[in-house]
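Me: I would like a close look at a single part of this model, namely its salt bridge, and at how that part sits within the rest of the chain. Please take it slowly and give the numbers as you go.

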Amino acid sequence: MPIGDPKKQTIATGKYQKKVGLITKSYKLKKEVTEVFAEACEKAGVSQAGQLTKMMKAFIEEQNS
């Protein structure tokens, strides 16, 4: 059970994220790199999470080859 008194939407969002296998990861990266990456993603019209996922999958595939 969540801590405190979460709203119904917060609980529903948590259940959905668990169901589809979403997790939060935290990395420490240079501010300049993350800002330029965010701008590049916006310019390309893609989400940062989507682009990171795409690059991670490509790297995994490359390492498994």
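Reply: What follows begins with the salt bridge, moves to the helix that carries it, and ends with the chain around that helix.

The model is a predicted one, and the structure holds 1 salt bridge. The partners are Glu35 and Lys31, whose side chains meet at 3.8 Å, N to O, a separation that falls within the 4 Å cut-off used for a salt bridge. In general terms, side chains of opposite charge can pair when their charged atoms come close.

Where do the two partners stand along the helix? Glu35 and Lys31 are 4 residues apart in helix 2, which covers residues 31–44, and so they are separated by about one helical turn. The general geometry behind this is that an α-helix has 3.6 residues a turn, so residues three or four places apart point the same way.

Are these two side chains buried or exposed? Lys31 has a relative accessible area of 60% and is therefore exposed, because the cut-off for that class is over 50%. Glu35, at 40% relative accessibility, counts as partly exposed.

The helix that carries the pair can be checked for regularity. With 14 residues at 1.5 Å a residue, helix 2 should span 20 Å, and its end C-alpha atoms are indeed 20 Å apart, so the expected and computed values agree. Helix 2 is also hardly covered, since the count of buried residues among its 14 residues is 1, where buried means under 20% relative accessible area. Just after helix 2 comes Gly45, which takes a positive phi of about 75°.

Helix 1 offers a parallel case. It runs over residues 8–20, and its 13 residues should span 18 Å at 1.5 Å a residue, while its end C-alpha atoms are 19 Å apart, which agrees. Just after helix 1, Gly21 takes a positive phi of about 85°.

Between helix 1 and helix 2 there is a loop, and Leu29 has its place there. Leu29 is exposed, with a relative accessible area of 61%. The C-alpha atoms of Leu29 and Lys18 are separated by 26 Å, although the two residues are 11 apart along the chain. Lys7, in turn, lies in the segment before helix 1, and at 64% relative accessibility it counts as exposed. From Lys7 to Val33 the distance is 35 Å in space, C-alpha to C-alpha, for 26 residues in sequence.

Turning to the whole chain, there are 3 helices and 0 strands, and the order along the sequence is α-α-α. The radius of gyration is 16 Å, well over the 11 Å that the globule rule gives for 65 residues, so the chain is more spread out than a compact globule. Its C-alpha atoms fill a box of roughly 40 × 30 × 25 Å along the principal axes.

Of the 65 residues, 2% count as buried. The chain exposes about 6600 Å², and carbon and sulfur atoms supply 58% of that area. As for charge, the chain has 12 positive and 7 negative side chains, and the centres of the two sets lie 11 Å apart.

Notes:
Residues numbered from 1 in each chain as written. Predicted model: local features only at pLDDT ≥ 70, side-chain atom pairs only at ≥ 80, totals over all residues. Heavy atoms only, no water. Helix = DSSP H or I, 4+ residues; strand = E, 2+ residues; numbered from the N terminus. Rg over C-alpha atoms; globule rule 2.2 N^0.38 Å. Buried < 20%, exposed > 50% of the residue type's maximum accessible area, 1.4 Å probe, protein only. Areas by Shrake-Rupley, 256 points an atom, 1.4 Å probe, with all protein chains shown as cover. Lys, Arg positive; Asp, Glu negative; His and termini not counted. Charge placed at Lys NZ, Arg CZ, Asp CG, Glu CD. Expected span 1.5 Å × (residues − 1).
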